[in-house]
There are 2 protein chains.
Amino acid sequence: MSRTRGPDPLTLPMPDLRGSFPGPFAVSPYADAVEEQTARWLGTFPLTGSPGAAKALCNITAQGVARVLPTADRDGVVLCAGLFVWLTAFDDVHGETEGGRDTARLVRRTARCVQLLAGHDGPAAGDDPCTAALQDLLQRFRARATPTQYLRLTAHLRDSLFGILWEAHHLGEPGRITLDDYCAMRPHTVFVRTVMATAEIMLGYELTEDQRALPAVRELERAVADLAGWINDLASYAKETDRGGPDPLSLPTLLVLHRGYSLEEAFRVASRMCEDQASAARLRITELTAGGENPLMAHAHAVEGVAASYVWHIGHARYGR
Amino acid sequence: MSRTRGPDPLTLPMPDLRGSFPGPFAVSPYADAVEEQTARWLGTFPLTGSPGAAKALCNITAQGVARVLPTADRDGVVLCAGLFVWLTAFDDVHGETEGGRDTARLVRRTARCVQLLAGHDGPAAGDDPCTAALQDLLQRFRARATPTQYLRLTAHLRDSLFGILWEAHHLGEPGRITLDDYCAMRPHTVFVRTVMATAEIMLGYELTEDQRALPAVRELERAVADLAGWINDLASYAKETDRGGPDPLSLPTLLVLHRGYSLEEAFRVASRMCEDQASAARLRITELTAGGENPLMAHAHAVEGVAASYVWHIGHARYGR
């Protein structure tokens, strides 16, 4: 399918989130140091192509994580930045580029990651920076997390890897995805639930199962999970379509395909959807922090940081806006 | 690739496991009742094609689980039998049959399962017996397991689903898989780690992280995990090749392809590999039970039951021996 013809993507409507997440957002004092340290780590584990790409990736990731974790210690921010550099590089290099051409190859590469996540003896890591880097990250997370936190993290990482696989199977064929299925998978492809799991580890709190099942907690997490994916779709649309080729697998594309909107209408509708989720998230944050009860308050602030980071990062140069 | 020419598979060498797992194996007194109840459950959730296939599936699964859990209560055996009927039916119907033709379709179906495993609001279950059945099973497991046991179970289920996906991507192309990668993935495709996780729930014990990391525990689990997949490969080879078509993705096929063995030599080598793992498992079971310390003893007995079940089930009529 050729890409939707229409107006210059850079002039399309965007959500106004200033009411719910006005910014400026708190940022870790270690942001720049973490960016440098992450770039050095990426020197040890060359996960991405050009030095320019590596630099840009370290910048947006370290600065983004510094907004998720403004109060965490430096090692915690470094470790999370490393993990999201790894995930983003895996997605770019192996998911989209390699996986779009040969999904079986991506499945085999993912299999090696699954072994590590499952805690089984991995393949010899030496000759494969992607696996070696994941092994390094998981060892450091395991040393820091409680057993349950580590189980949660590795579960979410499996879902993120599955999301990359799911996306690779539908590049160039967005029409095979329904809107419901897209919205259900989008949080995994944008890694937002994994970000939440890392925040819980680095901020040193842990919800009970009953707390995790509270409607306010579930709705806050769902609202931020949806928001993260959708604003990323809107912000990255210009960059994605700039490459030419088929329409990106994204919310505006599916609104055009399945609802018959023009691209501009799709952006308007999607922007409203983002604003609604941002408002819902803000309401739940207010509700959960008003109680003054920990770890619910800690969790509300953590998820607020996650939302802030995604809201912040759509303005980053990676997306050409 | 056309299938390996050679002797009648029914005359090929098979492992002699009588030294390590002599049998007869203890069996739950509820075995027949569980088989009937599982057949009724499969009436509510029609997961498989013909009534004959459903009956055979309930028979081997219920009787197999009854050998994993000879001392568990009836509801526990019923619930595990339901889960492994579900997994096997998913593998047969969606993994091999549908997934071999259209991996993207299998990925979309798996995505709905991943939502349920992640505990997110699933798609409306009514119109899809596969998703509805999984939802039913997970609700019942969640009510019975501790939060950590449930996290482990859902992690292993993700790996089993990934294993099905991995296999679907390589049906008819076993040559793209190395022996190491095959051996690493095989436990997931035979669901054995998931069986271990369910046994831990139904027998009501829980290892600490330190116990789980003991070399004796890891080696016992690994030996039984390898054994389960390999004996299944040997026992099912005749049935798999009887269908015609390409060589099955299995240990003998890969030994022929990558080591240059004849089929008969491959069966002899694979049989020896099975016997070695069975001996290693038996040693570790003896070691862990000699200590008399729970939950390590309980775990050793549980994994012994898992091994017994796989050793038992290779003689079942499903494999035509």
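Q: A salt bridge is a side-chain nitrogen of Lys or Arg within 4 Å of a carboxyl oxygen of Asp or Glu. How many are counted between chain B and chain A?

A: Eight salt bridges. In one of them, Asp159(B) pairs with Arg158(A) at 2.7 Å, N to O. This is a predicted model: local features need pLDDT of at least 70, side-chain atom pairs need 80 or more, and totals for chains, interfaces and linings use all residues. Residues count from 1 along each chain as written, chains are lettered from A and ligands numbered from 1 in written order, and side-chain values use heavy atoms, without hydrogens or water.

Q: How much area is buried between chain B and chain A?

A: Interface size is often given as the accessible area lost when the parts come together. Here about 3,300 Å² is buried (1.4 Å probe, summed over both parts). Carbon and sulfur atoms give 56% of that area. Arg108(B), Leu151(B) and Phe162(B) supply 18% of what chain B buries against chain A, more than any other three residues. Each chain brings 37 residues to the contact (heavy atoms within 4.5 Å).

Q: What turn lays chain B on chain A?

A: Two copies of a chain are related by a rotation about an axis and a shift along it. Chain B needs a turn of 180 degrees and a shift of 0.0 Å, giving an RMSD of 0.0 Å (least squares on C-alpha atoms of residues with pLDDT of at least 70 in both). That is the relation of a two-fold axis. The same surface serves both copies: 100% of the contact residues of chain B recur in chain A.

Conventions:
Buried area = accessible area lost by both parts, 1.4 Å probe.
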